[in-house]
Amino acid sequence: MDKRSLSAPSIGAWMKYTFYGWFLGVVLILVLSSALDAMGIEGMQFYLGLGMGGGIGTLQWLLLKKHGGIGLKWIGYLVLGLTLPFLVVDVFLTSIVPYKLGTCLVFGALLSGGLQTFVLREVSPKANIWLVYAFSGWMLALGSILAIDYTSLMSFYLNNLVIALINLFLILAAGLLLGAVTGIGMNKILDT
């Protein structure tokens with residue numbers, strides 16, 4: 001593929017597609033969780049990476065396809081990079097790692113961002129900065145999700161419905177934060 005064949009989507013479009021991918025990821029997580037529970041598989045979290053990677057990767061790939069195309073490796077690397085740390089912890093380190101989500105997402109962000117850099121190298125000489133933006137975006141999303149742990153402290157002042165709405169906002173904001181940061185990075189990488 002010619003290094004100039006992929007144009008940069010707008011940051012707004014990238015945010016929108018990443019947000020929709022985040023939403024799809026949440027749906028996939030719920031479906032996978034229910035399916036695993038029905039099979040009697042409990043206490044594992046690898047489906048978090050599988051669902052989010054699949055949802056976000058697919059929607060981002062669809063947007064990139066509109067701008068000149070990029071290989072399906074984009075999806076595969078995001079799924080692999082996000083799922084593998086959870087799978088390793090689920091199978092081998094579950095009793096050692098006290099907070100799976102944070103630990104696995106740190107490694108998943110690094111792995112998936114690193115793998116996706118290889119895809120971007122096919123279309124841009126500036127691809128190496130993707131790891132910084134991908135990691136930063138995932139860490140901001142993680143921060144938004146972790147903030148949910150503290151909304152229960154507001155139960156003295158707010159009713160449960162308001163807290164549930166705040167939690168929903170934090171979950172959805174995570175997708176927007178991820179989209180904003182990675183959108184800026186993608187724009188810098190593909191802007192010629």
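These exercises look at the cores, the pocket and the cavity of one structure.

The model is predicted: local features need pLDDT of at least 70, side-chain atom pairs count only at pLDDT 80 or more, and totals for chains, interfaces and linings use all residues. Residues are numbered from 1 along each chain as its sequence is written, and side-chain values use heavy atoms, with hydrogens and water left out.

**Exercise 1.** State which residues touch the most other members of the largest nonpolar core, and which helices give two or more residues to this core.

*Solution.* Start with the terms. A nonpolar core is a set of buried Ala, Val, Leu, Ile, Met, Phe, Trp, Tyr and Cys residues joined through side-chain atoms within 4.5 Å. Buried means under 20% relative accessible area, exposed over 50%, and partly exposed in between (1.4 Å probe, protein chains only). Helices (H or I, at least four residues) are DSSP runs, numbered from the N terminus.

Next, the members. The largest core has 21 residues, and Leu64, Ile70, Trp74, Leu120, Trp130 and Met186 touch the most other members. Two or more residues come from each of helix 1 (11-38), helix 2 (46-66), helix 3 (73-93), helix 4 (100-121), helix 5 (130-146) and helix 7 (160-190). Helix 2 gives the most, with 4 residues.

**Exercise 2.** Describe the surroundings of serine 112.

*Solution.* Locate the residue: serine 112 is in helix 4. Its relative accessible area is 1%, so serine 112 is buried. Then list its contacts (heavy atoms within 4.5 Å). Beyond neighbours within four places in sequence, serine 112 is in contact with Tyr77, Leu78, Gly81, Leu82 and Trp138.

**Exercise 3.** Describe the largest cavity by volume, lining and residue class.

*Solution.* On a 1 Å grid over the protein atoms alone, a cavity is a set of points where a 1.4 Å probe fits but cannot get out; lining residues have an atom within 4 Å of a point. Grid points are joined across faces, edges and corners, and a volume is the space filled by probe spheres set on the points.

The volume of the largest cavity is about 60 Å³. Among its lining residues are Ile56, Gln60, Ser112, Trp130 and Thr182. Helix 2, helix 4, helix 5 and helix 7 each give two or more residues to this lining.

For the classes, Ala, Val, Leu, Ile, Met, Phe, Trp, Tyr, Cys and Pro count as nonpolar, Asp, Glu, Lys and Arg as charged, and the others, Gly among them, as polar. The lining of the largest cavity has 6 nonpolar, 5 polar and no charged residues.

Definitions and conventions
1 Å grid on protein atoms, 1.4 Å probe; cavity = no way out; pocket = protein on both sides within 12 Å on 5 of 7 lines; lining within 4 Å.
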